[in-house]
Amino acid sequence: MNQPAPIAEGVYRCGTDFVNWYVVEEGGRLTIVDCGAPGYWPQLDPSLEAIGHSRGDIEAVVLTHGDSDHVGFSERLRSESGVAVWAPEDDAEMVREGKIKKTDGSMLPYLRYPFAYRLLFHLARNGGIRIPAVANVSTYSDGQRLDLPGRPMAVHTPGHTRGHCVLQFGDVLLAGDAICTLNQLTGRRGPQVMPKAFDTDAAQALESIDRLPDASVIGVGHGDPWTEGTATAKERAREVGPT
């Protein structure tokens, strides 16, 4: 577990070196964006305490998409604390039923990278192989501004999943897996799209880079925040292309 680290005023990065989740604070109330892997549940209370908050301050969880390492502990938080869980409408079935998506590529080509084994071991240890179904899910759609702390605006960026959305909180973009700065399988650093083995449509994921709104800081699901602006992130990701 990493200690919560501010990436902008009122926006905190939590999680591990492999998977990030975020806390957004406004007016003493919190929005949790993504919930890491299911085994990250023990991180929740200490992370909130470290930034002067508790579970009672959480207004809602907003998921960028329905993969297991983002749905994470959301059902446990919902069932134990009554926190509402929001998901993109086109990923709602994944989240409600724990459905695993079909991907655009095989894992086999990536098994030559030692980093891939580190990731798979980490996910297996933290329950990230299966999606923990969320019994009650509210949905949001492209262009919708959610009336939650931070007032996030959703932008549909399909490709990683059918319903994937990024969330803009003012000048901060929480991009989920629309873009990453750490390739989960190769270990490559810097802005790029996710590997084909994790995308439903790798070509569409690359096209969706064009939909990323302008922001000074981009918080990603995997890797360090990007602080050189959206335009530069897009350019770097196009240069790398699908992996």
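Okay, let's start inside the protein: the largest cavity holds about 30 Å³ of space. This is a predicted model, by the way, so please keep that in mind throughout. How many cavities of 30 Å³ or more are there? The count comes to 1.

Who lines that cavity? You'll find Thr-157, Pro-158, His-160, Asp-177 and Ala-178 there, along with Val-193, Met-194, Asp-199, Ala-205 and Ser-208. Sorted by class, that lining has 5 nonpolar, 3 polar and 2 charged residues.

Now the pocket. The largest pocket comes out at about 380 Å³ in volume. It has 19 lining residues, and the closest to its centre are Ser-68, Leu-123, Gly-128, Ile-129 and Phe-198. Two elements give two or more residues to this lining, namely helix 2, residues 68-71, and helix 5, residues 114-125. As for the chemistry of the pocket lining, the residues divide into 10 nonpolar, 5 polar and 4 charged.

Let me step back to the whole chain. There are 7 helices and 13 strands. The C-alpha trace spans about 45 × 35 × 30 Å along its principal axes. Is the chain compact or extended for its length? Well, a compact globule of 243 residues would have a radius of gyration near 18 Å, and the chain has 16 Å, so the two agree. Of those 243 residues, 56% count as buried. And if you take the contacts between residues at least 6 apart in sequence, 67% of them join residues at least 24 apart.

With that background, here are three residues I'd like to walk through.

First up, Thr-16. You'll find Thr-16 in the loop between strand 2 (11-15) and strand 3 (20-26). Buried or exposed? Thr-16 has a relative accessible area of 8%, and the cut-off for buried is under 20%, so Thr-16 is buried. What does its side chain do in there? The side chain of Thr-16 makes a polar contact with the side chain of Tyr-40, at 2.6 Å. A polar atom of the Thr-16 side chain also lies 3.1 Å from the backbone nitrogen of Phe-18. Beyond its neighbours within four places in sequence, Thr-16 is in contact with Met-1, Asn-2, Tyr-40, Gln-43 and His-122. So Tyr-40 turns up twice, in the polar contact and in the contact list.

Next, another threonine, Thr-186. Thr-186 also sits in a loop, the one between strand 11 (180-182) and strand 12 (189-192). Thr-186 has a relative accessible area of 22%, which means it counts as partly exposed, since buried requires under 20%. A polar atom of its side chain lies 3.2 Å from the backbone nitrogen of Arg-188. Which residues does Thr-186 touch, leaving aside neighbours within four places in sequence? Those are Tyr-110, Tyr-113 and Phe-115. On distances, Thr-186 and Asp-210 are 24 residues apart in sequence and 24 Å apart in space, C-alpha to C-alpha.

Last one, Ala-135. Ala-135 is in the loop between helix 5 and strand 7 (138-140). Its relative accessibility is 60%, and exposed means over 50%, so Ala-135 counts as exposed. How far is Ala-135 from Glu-97 in space? The C-alpha to C-alpha distance is 8.1 Å, with their positions 38 residues apart in sequence numbering. Again leaving aside neighbours within four places, Ala-135 is in contact with Glu-75 and Arg-78.

That's my tour, thanks.

Methods: Residues numbered from 1 in each chain as written. Predicted model: local features only at pLDDT ≥ 70, side-chain atom pairs only at ≥ 80, totals over all residues. Heavy atoms only, no water. Helix = DSSP H or I, 4+ residues; strand = E, 2+ residues; numbered from the N terminus. Buried < 20%, exposed > 50% of the residue type's maximum accessible area, 1.4 Å probe, protein only. Polar contact = N/O pair within 3.5 Å; in protein donor to acceptor, adjacent residues only side chain to side chain. Contact = heavy atoms within 4.5 Å. 1 Å grid on protein atoms, 1.4 Å probe; cavity = no way out; pocket = protein on both sides within 12 Å on 5 of 7 lines; lining within 4 Å. Points joined across faces, edges and corners; volume = space filled by probe spheres on them. Nonpolar A, V, L, I, M, F, W, Y, C, P; charged D, E, K, R; others polar. Rg over C-alpha atoms; globule rule 2.2 N^0.38 Å.
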